[in-house]
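User: I am new to this structure and would like to learn how to read it feature by feature. Could you take me through it slowly, with the general idea first and the case at hand after it?

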Amino acid sequence: MIFAKIKNNLLDPAYYFSQILGLLSSSFLIILWLYLSKLKLVQLSNIQIILYFISIYSYFYLFTYSLIDRLAARLATGSQSFLLSPKSVYTTLFVKDYLPILVDNIPLIFLSLLLVIFTGVLPLNKLIYFIFLQFTVHLIYFFTSVIGAIFQLLLNWGFISFSFRFIGQTWNGSYIPLIFLSGGFLSFALFLPIFYSGIPFQLLLVQDLDYRLIINLFVFLFISFTMSYLLLARFKTHVQE
Amino acid sequence: MIKVSGLTKKYYPQDTLSNLKRFFNLGQVASLPPAVHNISFTIAGNQTVGIIGPNGAGKTTTIKMLTGLLRPTSGEILVDQYTPFELNINFKKSLALFRGGYPNLDDGVIVRDQLEDRLNVYQQPVLAKNLYVKHIIRLSQSLSLLDSVPENLSQGQRHLVEFIASILHRPKYIFLDEPMLGLDILAISRFKKVIKYLKMSLNPTIILTSHILQQVVDLSDRIILINHGVIVLDDTPDNIIRQNTFDRQIKLHLVSRQGTTDIPSNTYVKYPWATIKTTKQSLEKDIDSGMKRFQFDDIRITEPSVDQIFTKYYK
């Protein structure tokens with residue numbers, strides 16, 4: 001299915017257009033920030049800037065296509081798809097709703113990573129570590145979206161997906177944490193269970209990809225997975241009632 | 001074998017507060033009046049059963065309970081040895097549910113790839129080696145549709161391929177809820193061919209619900225009519241039609257206006273047609289009197305349509 005999706009994408013001219021547009025806008029922001037950094041207007045290293053934009057790009061893509069909306073639609077009208085499928089609910093949601101969005105986004109992430117490798121801004125071992133962190137964040141995003149979708153259905157509140165999208169995009173694309181937090185608060189923020197923009201946010205705060213990132217990620221991965229697992233199990237019986 | 005006894009289903013309000021209360025067990029929520037009330041029936045293997053009734057009668061609720069999508073408020077359902085709402089993996093593999101108007105293929109992915117994916121999930125041979133699926137595709141004349149994405153197909157075309165997608169794992173129980181919704185007569189004919197092939201090749205139990213009553217009568221071995229959540233009729237289509245069609249109409253195509261004045265009360269003339277309303281018992285007598293009264297060159301004897309037969313049970 002995923003290869004089929006990639007094949008379909010490659011045959012669709014609109015796909016190339018969206019990818020080129022995405023690449024241009026992302027490149028523009030990277031160049032702008034690098035320029036601002038050169039002018040000493042931004043206190044970030046070049047590595048921080050490049051990784052920051054590579055990581056937020058995939059989230060932007062997911063927010064734009066709001067995974068929560070897709071999952072909510074699957075859990076509501078398509079309840080037969082997941083209740084009667086021999087596959088597990090997670091597999092159905094992951095394969096049918098999450099992966100297609102991610103697949104759309106893969107070429108640009110891939111290109112960005114190639115750029116990082118060829119420009120040598122990050123050693124290979126750090127790059128692998130970075131990719132692993134990205135993968136973990138995406139898993140967290142998936143589990144968090146499952147939780148969001150369940151609450152959207154329970155509350156009959158489509159505003160939830162809008163709020164998540166809005167908060168996520170604002171949080172990702174701005175310096176908000178740095179503006180409102182300083183000193184000890186900043187250090188404390190590093191240990192907060194991360195939300196969507198965990199890596200990008202922390203990349204703005206730390207000069208290096210250190211152990212604090214992985215601790216935060218795993219704490220939040222555990223919380224998001226456990227919560228979504230319990231809620232989903234309850235949701236299955238709830239829709240049968 | 002499907003065994004249903006004392007089945008009742010009450011829904012709950014779907015507002016935010018009620019949802020949260022129920023979800024987190026925060027208090028009692030008053031249920032709505034029962035959608036299905038104390039129904040019982042047994043369906044032996046290999047039968048095709050049509051479940052009919054007016055809107056809101058409880059047909060879809062019954063099908064949802066039979067497939068495990070809903071949990072009965074009280075009563076018991078056994079499909080073979082399985083209780084549907086427990087959603088045992090073997091139970092899930094043995095059934096197919098197709099609901100007209102509820103897409104089961106995803107947009108953006110070519111139909112053929114989605115069919116292959118499903119075959120893989122159900123551990124069936126791939127499309128190229130799957131004679132059963134290939135034959136269904138041939139019968140439904142949908143080969144040319146497989147290389148499209150679902151959103152590019154017409155409503156009827158999409159409907160057909162989604163139906164195929166739902167039955168390609170050789171299910172033992174097939175549940176069809178409004179399966180012919182939006183199909184034109186050609187598509188309905190192909191659909192019926194597929195159903196006949198399924199009956200022949202898989203010997204499945206088919207539960208069918210539709211508002212197109214003639215289609216249900218054509219396809220079913222037995223009809224269960226539900227209204228206000230209870231079973232009103234449960235018999236073979238032949239028996240129901242025979243026991244309920246006492247009325248007949250004799251239509252004569254007149255060649256002159258002779259005999260069209262002072263006509264009996266059961267006769268209505270709209271020249272050149274004269275219509276005599278009669279019953280099965282008086283048919284011979286009324287044909288005889290019509291022949292004597294009118295000069296005509298054509299005669300038709302009609303019985304009420306299936307829709308007319310069932311209308312009285314829908315009230």
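User: How close do the axes of helix α4 and helix α7 of chain A come, and at what angle do they cross?

Analyst: The idea is to look at the two helix axes and ask about distance and angle together. In this predicted model, helix α4 (residues 67–76) of chain A and helix α7 (residues 124–154) of chain A have axes that come within 8 Å and cross at roughly 60°. That angle makes α4(A) oblique to α7(A), and the crossing in which α4(A) passes α7(A) is right-handed.

User: Which residues of α4(A) and α7(A) meet?

Analyst: From α4(A) come A:Leu67, A:Ile68, A:Leu71, A:Ala72, A:Leu75 and A:Ala76, and these meet A:Ser145, A:Val146, A:Gly148, A:Ala149, A:Ile150, A:Gln152 and A:Leu153 in α7(A). Sorted by class, the residues of this contact between α4(A) and α7(A) are 10 nonpolar and 3 polar, with no charged residues.

User: Now for a pair in the other chain: how are α5(B) and α7(B) oriented to each other, roughly parallel or roughly antiparallel?

Analyst: The same reading applies, with the angle taken between directions that run from the N to the C terminus. The axes of helix α5 (residues 131–139) of chain B and helix α7 (residues 185–202) of chain B come within 9 Å and cross at roughly 155°; since angles over 145 degrees count as roughly antiparallel, α5(B) and α7(B) are therefore roughly antiparallel to each other. Here too the crossing is described as right-handed, with α5(B) passing α7(B). In the contact, B:Tyr132, B:His135, B:Ile136 and B:Leu139 of α5(B) meet B:Arg190, B:Lys193, B:Val194, B:Tyr197 and B:Ser201 of α7(B), and by class the contact of these helices has 5 nonpolar, 2 polar and 2 charged residues.

User: Let us turn to sheets. In what order do the strands of the open sheet of 3 strands in chain B lie?

Analyst: Strands of a sheet pair through backbone hydrogen bonds, either parallel or antiparallel. In chain B, the open sheet of 3 strands has the order β2-β1-β4, and its pairing is antiparallel. The edges are formed by β2 (36–43) and β4 (74–79) of chain B, each of which pairs on one side only, and the twist from one strand to the next averages 15°. Strand β1 (residues 2–9) of chain B is joined to β4(B) by 5 bridges, the two running antiparallel, and B:Thr8 stands opposite B:Ser74 in β4(B).

User: Which helix packs on that sheet?

Analyst: Helix α2 (residues 59–67) of chain B packs on the sheet, where it touches β1, β2 and β4 of chain B, and the direction of α2 makes about 125° with that of β1(B).

User: What order and what pairing does the open sheet of 6 strands in chain B have?

Analyst: The order is β5-β6-β7-β3-β8-β9 in chain B, and the pairing is mixed. At the edges stand β5 (95–99) and β9 of chain B, each with a single partner strand, so one side of each is left without a neighbour in the sheet. Neighbouring strands are turned against each other by 15° on average, direction ignored. Within this sheet, β8(B) and β9(B) run antiparallel and are joined by 5 bridges, and B:Leu225 stands opposite B:Leu233 in β9(B). Helix α6 (residues 155–167) of chain B lies across β5 and β6 (173–177) of chain B, running at about 165° to β5(B).

User: How is chain B divided into domains?

Analyst: Chain B is divided into domain 1 (2–241) and domain 2 (247–314), and the centres of these two domains, taken over C-alpha atoms, are separated by 42 Å. Their contact takes 10 residues from domain 1 and 6 residues from domain 2 of chain B. On the domain 1 side, the elements that give two or more residues are α8 (213–219), β8 (222–227) and β9 (230–235) of chain B, and the largest share, 3 residues, comes from α8(B). By class, that side has 8 nonpolar and 2 polar residues, and no charged ones.

User: Lastly, how many residues of chain B are in contact with chain A?

Analyst: For an interface it helps to count the residues on each side, then ask which elements supply them. Here 27 residues of chain B are in contact with 21 residues of chain A. On the chain B side, α1 (16–23), α3 (89–94) and α4 (111–121) are the elements that give two or more residues, and α1(B) gives the most, with 5 residues. The residues on this side divide into 14 nonpolar, 6 polar and 7 charged.

Definitions and conventions
Residues numbered from 1 in each chain as written. Chains lettered and ligands numbered in written order. Predicted model: local features only at pLDDT ≥ 70, side-chain atom pairs only at ≥ 80, totals over all residues. Pairing = 2+ DSSP bridges. Helix = DSSP H or I, 4+ residues; strand = E, 2+ residues; numbered from the N terminus. Axes fitted to C-alpha atoms, helices over the stretch in contact; angles between N-to-C directions. Contact = placed C-beta atoms within 7 Å. Parallel < 35°, antiparallel > 145°, perpendicular 65-115°, else oblique. Left-handed = near helix turned anticlockwise from the far one by under 90°. Nonpolar A, V, L, I, M, F, W, Y, C, P; charged D, E, K, R; others polar. Domains from an automatic or database assignment.
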